[in-house]
Amino acid sequence: QLFLLAVRPSHRGRGIGTALLSWLEVTAKTAAITVIRLQVRSTNDAAIAFYRSVGFRATSVHTRYYQGVEDALFMTWDLSAPR
């Protein structure tokens, strides 16, 4: 499970997040891990679009997940599926 991925706003759009997820993919496959899961705030459209572009798919929504107020979108990346 991916617990935290963040890129400083002033550094976004430079491929840092993509490089980190590429490293994660290689490392996970080396360890025979085939699925990576994460949750993201359902209002974070930029992050959701980024994760989808890599291969994550939405699996469920948990209402009021964050501090009992904001919903979380749970996403899964199946590393065995073709891109």
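A pocket here is an open set of grid points with protein on both sides within 12 Å along at least five of seven lines, and its volume is the space filled by probe spheres set on those points.

**View 1. The largest pocket in this predicted model**. By that yardstick, the volume of the largest pocket comes to about 610 Å³. There are 24 residues lining it, and those nearest its centre are Leu5, Ala6, Ala47, Phe50 and Tyr51.

**View 2. What the lining of the largest pocket is made of**. Sort the lining residues by type and you get 14 nonpolar, seven polar and three charged. As for where they come from, α1 (16–30), β1 and α2 each chip in at least two residues.

**View 3. The three-stranded open sheet**. Read across the sheet and the strand order is β1-β3-β2, with antiparallel pairing. Out at the edges sit β1 (35–41) and β2 (57–66), each of which pairs on one side only. Ignoring direction, neighbouring strands are turned by 25° against each other on average.

**View 4. Zooming in on β2 and β3**. These two strands run antiparallel, and six bridges join β2 to β3 (residues 70–78). To pick out a pair by eye, start from Ala58: its bridge partner in β3 is Met75.

**View 5. Helix α2 on the sheet strands**. Helix α2 covers residues 45–54 and lies across β1, β2 and β3. Relative to β3, helix α2 runs at about 15°. Helix α2 also turns up in the pocket views, since it is one of the elements supplying at least two residues to the lining of the largest pocket.

Terms used:
Residues are numbered from 1 along each chain as its sequence is written. This is a predicted model: local features need pLDDT of at least 70, side-chain atom pairs count only at pLDDT 80 or more; totals for chains, interfaces and linings use all residues. Side-chain values use heavy atoms; hydrogens and water are left out. Two strands pair if DSSP finds at least two bridges between them. Helices (H or I, at least four residues) and strands (E, at least two) are DSSP runs, numbered from the N terminus. Axes are lines fitted to C-alpha atoms, for helices over the stretch in contact, and angles run from 0 to 180 degrees between N-to-C directions. Contact means heavy atoms within 4.5 Å. On a 1 Å grid over the protein atoms alone, a cavity is a set of points where a 1.4 Å probe fits but cannot get out, and a pocket is an open set with protein on both sides within 12 Å along at least five of seven lines; lining residues have an atom within 4 Å of a point. Ala, Val, Leu, Ile, Met, Phe, Trp, Tyr, Cys and Pro count as nonpolar, Asp, Glu, Lys and Arg as charged, and the others, Gly among them, as polar.
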